[in-house]
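Hi everyone, thanks for making time this morning. I'd like to walk you through one structure and how some of its pieces pack together.

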Amino acid sequence: MNPTMIQFFHWYSDGNAQLFDQIKDCTAYLKELGISAVWFPPAYKAAGGGYSVGYDPYDLFDLGEFDQKGTIPTKYGTKEEYLNACKTLESNEISVYVDIVLNHKAGGDEMEKFHVIKVNPENRLEDISEPFEIESYTKFTFPGRGNTYSDFEWNFQCFSGVDYAEGQEDGIFRIISEYCDGWEEMISDEKGNYDYLMYNDIEHRNPFVREELNNWAKWYHDQVQFDGVRLDAVKHQSPEFYQEWLYNLRANTGKNIFAVGEYWAPGELSLLEKYIEATAGSMSLFDSSLQQNFHIASLSGSEYDLRTIFDETLTSANPLLSVTLVDNHDTQPLQELEAPVEKWFKPLAYALILLRQDGYPCIFYPDLFGAHYIDKDKEGNDQEIFLDKVEKIEELLKARQLFAYGIQRDYFEDANCLGWIREGDEEHAGCAVVLSNKDAYEKPMEMGIQYAGQNFYDYLGWFEEKITIDEKGWGNFPVPAGNVSVWVPE
């Protein structure tokens with residue numbers, strides 16, 4: 001079976017919609033489509049309470065169990081509903097991937113006084129003040145949970161920087177403590193040093209913090225029995241920390257936990273390769289460059305040379321550690337990293353990640369179910385967004401499970417029309433795939449002598465006529481203008 005994951009949420013997933021129950025209820029449907037893993041949103045209590053998407057983590061030990069931040073459940077449901085969804089997936093042999101946010105904490109319970117140096121937000125290596133004392137919300141006591149599961153108390157020495165100081169203008173304040181001697185070293189020199197991202201930045205050099213995060217990971221696995229982790233904002237965290245954290249997680253659980261990191265650097269393949277090297281290949285990464293290529297291709301229409309679609313991508317450079325995607329919660333319309341793939345191109349993009357041999361594809365919730373939401377645009381005006389279900393996505397997913405196996409031969413000689421075949425294997429028939437960003441085409445391709453005399457039909461249903469493979473194993477496979485066709489044996 002070809003592995004396929006789904007990101008089963010988006011930035012505007014409805015609050016109080018009981019997402020966990022929806023996942024549980026959709027299990028049979030997901031299995032039918034060949035989905036092998038479900039990526040959940042952050043499932044622990046966030047500073048924003050029941051309205052938060054979850055990337056402002058407050059209490060990692062509160063999975064919707066304690067009355068904190070004005071709510072017992074998270075935005076997506078209670079701990080019981082969460083565990084029931086996970087158990088339902090697992091009983092149907094679908095893996096559970098959890099979202100791990102260990103870069104920062106938010107929503108501290110009490111203020112503390114400590115010394116900081118204010119830095120230039122555009123160059124965090126440039127100090128713009130002498131050391132001075134501030135007061136900020138860096139003490140976490142978790143009054144709703146108390147010492148249940150953990151008695152660790154987070155204080156200012158657990159953080160390397162904050163963006164709030166009582167009575168001060170907003171800024172970035174680097175904390176002075178026995179564990180924090182400047183920022184942690186990062187892979188790139190963006191903003192001088194991009195260790196600091198937001199809220200209270202976790203100080204991973206503090207050995208007590210590391211111990212707590214290792215203990216929490218083991219506890220979290222014991223609760224959920226997850227099979228994989230999606231690691232948020234690894235661009236802003238020490239590679240050495242995550243290499244150690246993943247080693248301990250796998251050792252403590254006795255499982256080869258899958259890991260994919262979010263190092264979002266479109267067009268900067270070298271940074272992804274450096275991060276993989278720095279973490280000794282201990283995690284996969286999302287192919288942000290391929291997603292950017294999809295975005296640009298969808299805006300460029302027939303002017304885009306499809307032969308370059310995989311240029312400078314992780315999928316091309318390191319396919320075994322590449323997780324491919326068409327869109328995600330950060331690239332969807334009205335988000336800061338907005339770079340959506342246009343509707344017409346999405347079937348082509350999904351064919352490119354689902355029906356080829358390289359990369360581990362991740363499909364996005366709105367592309368399978370659709371989405372509707374309202375948010376502010378960059379000018380501050382309300383904008384209503386409708387995201388339609390991607391045309392033929394179910395057929396493309398099923399084609400991946402039934403036909404996308406065996407030797408791959410590419411026919412990339414035309415700037416506006418790509419084709420490839422998969423020969424199939426001992427258990428699966430193969431397929432021929434053709435896509436165009438311009439006119440209707442007919443692409444001659446070799447399926448293999450073993451298919452000589454067989455009729456192929458268009459699995460997506462665009463064409464009624466059949467294609468007969470000639471005695472040498474070749475066929476002429478048509479595609480509609482600006483679309484994709486998938487040809488399989490009768």
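Let's begin with a helix pair: H9 passes H11 in a right-handed crossing. Please keep in mind throughout that this is a predicted model. The axes of H9 and H11 come within 10 Å, and they cross at roughly 15 degrees. With an angle like that, H9 counts as roughly parallel to H11.

Who makes the contact? On the H9 side you'll find Pro-347, Tyr-350, Ala-351, Ile-353 and Leu-354, and they meet Ile-393, Leu-396, Leu-397 and Arg-400 of H11. Sorted by character, the contact residues of H9 with H11 come out as 8 nonpolar, no polar and 1 charged.

Now, these helices have a sheet to sit on. Six strands, in the order S20-S21-S22-S27-S24-S25, form an open sheet with antiparallel pairing. At the edges are strand S20 (408-414) and strand S25 (467-468), each of which pairs on one side only. Inside that order, strand S22 (residues 429-436) and strand S27 (residues 484-489) pair in the antiparallel sense over 4 bridges. If you want a place to click, Ala-432 has Trp-487 in S27 as its bridge partner.

Helix H9 (residues 346-354) packs on this sheet and touches strand S21 (417-424), S22 and S27, with its direction at about 140 degrees to that of S22. Helix H11 (residues 393-403) also packs on the sheet, touching S21, S22 and S27, and its direction makes about 145 degrees with that of S22.

Let's move to another helix pair. Helix H4 (residues 207-224) and helix H5 (residues 239-253) have axes that come within 10 Å and cross at roughly 40 degrees. That angle makes H4 oblique to H5. The crossing of H4 past H5 is right-handed. Among the residues in contact are Arg-210, Trp-216 and Lys-218 of H4, along with Glu-240, Phe-241 and Trp-245 of H5. What is the mix of nonpolar, polar and charged residues in the contact of H4 with H5? They divide into 6 nonpolar, 5 polar and 4 charged.

Last stop, the aromatics. The structure holds 44 aromatic pairs. One of them is Phe-9 with Trp-39, an edge-to-face pair at 5.6 Å centre to centre with 85 degrees between the planes. Phe-9 lies in the loop between strand S1 (5-7) and helix H1 (19-25), while Trp-39 is in strand S2 (residues 37-39), so the pair ties together parts 30 residues apart in sequence.

That's my tour, and I'm happy to rotate the view for anyone who'd like another look.

Key
Residues are numbered from 1 along each chain as its sequence is written. This is a predicted model: local features need pLDDT of at least 70, side-chain atom pairs count only at pLDDT 80 or more; totals for chains, interfaces and linings use all residues. Side-chain values use heavy atoms; hydrogens and water are left out. Axes are lines fitted to C-alpha atoms, for helices over the stretch in contact, and angles run from 0 to 180 degrees between N-to-C directions. Helices (H or I, at least four residues) and strands (E, at least two) are DSSP runs, numbered from the N terminus. Angles under 35 degrees count as roughly parallel, over 145 as roughly antiparallel, 65 to 115 as roughly perpendicular and the rest as oblique. A crossing is left-handed if the near helix is turned anticlockwise from the far one by less than a right angle, and right-handed if clockwise. Contact means heavy atoms within 4.5 Å. Ala, Val, Leu, Ile, Met, Phe, Trp, Tyr, Cys and Pro count as nonpolar, Asp, Glu, Lys and Arg as charged, and the others, Gly among them, as polar. Two strands pair if DSSP finds at least two bridges between them. Rings of Phe, Tyr and Trp (its six-membered ring) pair if their centres lie within 6.5 Å; planes under 30 degrees apart count as stacked, over 60 as edge-to-face and the rest as tilted.
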